[in-house]
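This report deals with charged side chains: those that pair with opposite charges and those that gather with like ones.

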Amino acid sequence: MPSQVLRCPACFLAFGFGSGLSPWGPGTMGTLVAIPMFLLAAPLPVPYYLGATALLFAAGVWLCGRCEKKLGVSDHSGMVWDEFVGFFITMTATQPTLLNIALGFIFFRLFDILKPWPITWFDRKVHGGFGVMFDDVIAGLYAWCVLQGLFALGIVSING
């Protein structure tokens, strides 16, 4: 399968530039690869950042749907483009400090792995490229709420 992923541009991107091929925690590896992408986008004004995130989501729906068809596997665990988008959502309007990135990473991975309601429902009921992407959108929103809550309560400084 790795050669199939590496030869197909849609799969290569859906697999997070190959990071999803990791035998250990492909979702975690994909989220790690999302960090440099976030650092490039972080200086953007929030409306542009949200626009870039929406474009990444739309691209992910197409890429993951195309890769599912190419591989003949529904929601392959190696497709990690959804982790990119989920992490971007988690980090919306957040300063790119080491502490904030670490907290965003931890909270996003927790929600993505634990899949509290309604994430599990969407994960089971919604299929295709949209289904691959949407459960991570919700995980990202949950993680963003926790992170922003910590900032609002003064538990963590928004500036790290």
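The text below covers the salt bridges first and then a surface patch.

The model is predicted. A search of the whole structure finds four salt bridges. Glu 83, Arg 109, Asp 112, Lys 115 and Asp 135 are linked in a network of such bridges. Three of the pairs are listed here with their N to O distances.

| Pair | N to O distance |
|---|---|
| Arg 109 and Asp 112 | 2.6 Å |
| Lys 115 and Asp 112 | 3.3 Å |
| Asp 135 and Lys 115 | 3.3 Å |

The last pair in the table, Asp 135 with Lys 115, links distant parts of the chain: Asp 135 belongs to helix H8 (residues 128–152), while Lys 115 sits in the loop between H6 and helix H7 (119–125), 20 residues apart. Both Asp 135 and Lys 115 are buried.

Arg 109 and Asp 112 are three residues apart in helix H6 (residues 98–114), so about one helical turn separates them. Arg 109 has a relative accessible area of 10% and counts as buried because this is under 20%. Asp 112, with a relative accessible area of 5%, is likewise buried. Asp 112 also forms a salt bridge with Lys 115, and both of these residues are buried.

On the surface, Arg 7, Arg 66, Lys 69 and Lys 70 gather in a patch of positive charge. Helix H4 (residues 46–71) gives the most to this patch, with three residues. Lys 69 lies in helix H4 and has a relative accessible area of 73%, which makes Lys 69 exposed.

Notes. Residues numbered from 1 in each chain as written. Predicted model: local features only at pLDDT ≥ 70, side-chain atom pairs only at ≥ 80, totals over all residues. Heavy atoms only, no water. Patch = residues over 30% accessible without salt bridge, like charges linked within 9 Å, V, L, I, M, F, W, Y side chains within 5 Å. Areas by Shrake-Rupley, 256 points an atom, 1.4 Å probe, with all protein chains shown as cover. Salt bridge = Lys/Arg side-chain N within 4 Å of Asp/Glu carboxyl O. Lys, Arg positive; Asp, Glu negative; His and termini not counted. Charge placed at Lys NZ, Arg CZ, Asp CG, Glu CD. Helix = DSSP H or I, 4+ residues; strand = E, 2+ residues; numbered from the N terminus. Buried < 20%, exposed > 50% of the residue type's maximum accessible area, 1.4 Å probe, protein only.
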